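Biologist: Please take a close look at one part for me: the core, and whatever is built around it. Keep it brisk.

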Amino acid sequence: MSDKGDAEEEPPHLLWGLDPVFKAFARLYVKDILQMRQSRQVPGIYFYKTHPVFQVDVLGTVVYRREREDFCCYGVDDSTGVINCLCWKDEKWRDFGDSVKGRGGGVFDAEEQLRKLREAQRSRTELDIGDVLRVRGTVKTSRQQREIMASCFYKVSDPVMAVQISRMLEMPSLYRDCYDRPFSVPPHQAGTAAAAEPGGLSDFQLLLGRAGRILKEFLREKEVARFRPYDVEYLLHPLLLRPAATPSVGQELPSAAPPFATQVWNLLKDSLKILQDEGEIFRKVLSPDEVYNVTEQDKDLLAAIMDVLREDSKREKCQCLCPAYIT
């Protein structure tokens, strides 16, 4: 895929937070981390296809090691490529010796146990070539080279390669179900971003965003408990009532558009479906007479929720927490 094509697929930065990959530590192959393109909107952000990425989770074998006073650089190889991982040394491991000695005699010594714990922790962060390293951190580009600035790293004890095999089996499904699927903007979130990113969204997505906000505001202000579609249909008329443009000389007449009533009904139907998906409204009975209940105003639903909470609080797991708050 060309850079131009990739740039066209880069979603507006105001919508990146809607992508679950953005705030997660993406478990990508090293090859893909090295080939990710940088964002043209925000520095320090990279894109795997249409997913914004800035922090990753890598597991691999240490193939080289360079130690400095404050940090160590490890080359991590996951069999698809090698990437440099910069791991800072923890201050608490400096000048750490065996100054604390146990008392012996079978007496529990808290200081001795703490020393052993720290020693075990330190051994997990000291790696040699051939060790298996798991590292989480942010992706950086330094001197034209891609690297990972580690926020968490440790040596993985994997004598029979169970951890590595498990990850190898997990990665293809992650790519298939998440990373290789394009990030699509939810239509009801299109309104604000479309105003800030001209040309990024279709007119219909923009219209859906506005229609959803109008319906939400009406239901909230009027404290509506239940309604039928034709009760709120008129609210969407201003969105579609636009003066028809007169074609100039030499221009062809526009093709026949659907009737106004059909346009309003289609917009209302899609808007109500979005409100249902968000949990704002619901239908108690699926009947030809479409009656929608507003979630916040439905007393029967509130009573049912309280009954469930009371029953759940009677269980042993909640006896120490819930009864004082559920009355």
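Modeller: Start with the vocabulary: helices (H or I, at least four residues) and strands (E, at least two) are DSSP runs, numbered from the N terminus. The model is predicted, so local features need pLDDT of at least 70, side-chain atom pairs count only at pLDDT 80 or more, and totals for chains, interfaces and linings use all residues. Residues are numbered from 1 along each chain as its sequence is written, and side-chain values use heavy atoms, with hydrogens and water left out.

First, the setting. The chain holds 10 helices and 11 strands. Buried residues (under 20% relative accessible area; exposed is over 50%, partly exposed in between; 1.4 Å probe, protein chains only) account for 33% of its 327 residues. Contact means heavy atoms within 4.5 Å. Of the contacts between residues at least 6 apart in sequence, 58% link residues at least 24 apart.

Now the core itself. A nonpolar core is a set of buried Ala, Val, Leu, Ile, Met, Phe, Trp, Tyr and Cys residues joined through side-chain atoms within 4.5 Å. The largest one here has 28 residues, and Leu-28, Ile-33, Met-36 and Val-58 touch the most other members. Its suppliers of at least two residues each include helix H2 (30-35), strand E2 (46-48), strand E4 (55-67) and strand E5 (71-77). Strand E6 (82-88), strand E7 (132-142), strand E8 (145-156) and helix H4 (162-179) also each give at least two. In general, nonpolar side chains of soluble globular proteins tend to be buried together.

Take Ile-33 as a sample. Leaving out residues up to four places away in sequence, Ile-33 touches Leu-28, Val-56, Val-58, Ile-83, Val-139 and Arg-146. Apart from this core lies another, of 22 residues, with Ala-211, Phe-218, Phe-227 and Val-232 among them.

Next, the strands. Two strands pair if DSSP finds at least two bridges between them. E6 and E8 run parallel, joined by 3 bridges. Cys-85 has Ile-148 in E8 as its bridge partner. E7 and E8 pair antiparallel, over 11 bridges. Ser-142 stands opposite Gln-145 in E8. E7 and E8 make a hairpin with 2 residues between them, and Arg-143 in that turn has a positive phi of about 55°. Gln-144 lies in the loop between E7 and E8. Its phi is also positive, about 65°, although Gln-144 is not a glycine. Gln-144 counts as exposed, at 75% relative accessibility.

Another non-glycine residue with positive phi is Ser-79, near 80°. Ser-79 sits in the loop between E5 and E6. Its relative accessible area is 71%, so Ser-79 is exposed.

H4 comes next. It has 18 residues and spans 24 Å from its first C-alpha to its last, close to the 26 Å expected at 1.5 Å a residue; the expected span is 1.5 Å times one less than the number of residues. The buried residues of H4 are Gln-164, Arg-167, Met-171, Tyr-175 and Tyr-179. An α-helix has 3.6 residues a turn, so residues three or four places apart point the same way. The cover over the buried residues of H4 includes H2, E2, strand E3 (51-53), E4 and E7.

E2 and E3 belong to an open antiparallel sheet of 3 strands, ordered E1-E2-E3. Strand E1 (37-38) and E3 are its edges, each pairing on one side only. E2 and E3 share 3 bridges, and Phe-47 stands opposite Pro-52 in E3.

Val-21 sits in the loop between helix H1 (3-9) and H2. Val-21 is buried, at 4% relative accessibility. Beyond its neighbours within four places, Val-21 contacts Ala-26, His-51, Pro-52, Val-53, Cys-178 and Tyr-179. Its C-alpha is 10.0 Å from that of Tyr-48, 27 residues apart along the chain.

Last, the cysteines. A disulfide is a pair of cysteine sulfur atoms within 2.5 Å, and by this rule the count is 0. For Cys-72, the nearest cysteine sulfur is that of Cys-87, 7.6 Å away. Cys-72 is buried, with 5% relative accessible area. The sulfur of Cys-73 lies 7.7 Å from its closest cysteine sulfur, in Cys-72, too far for a bond. Cys-73 counts as buried too, at 9% relative accessibility.
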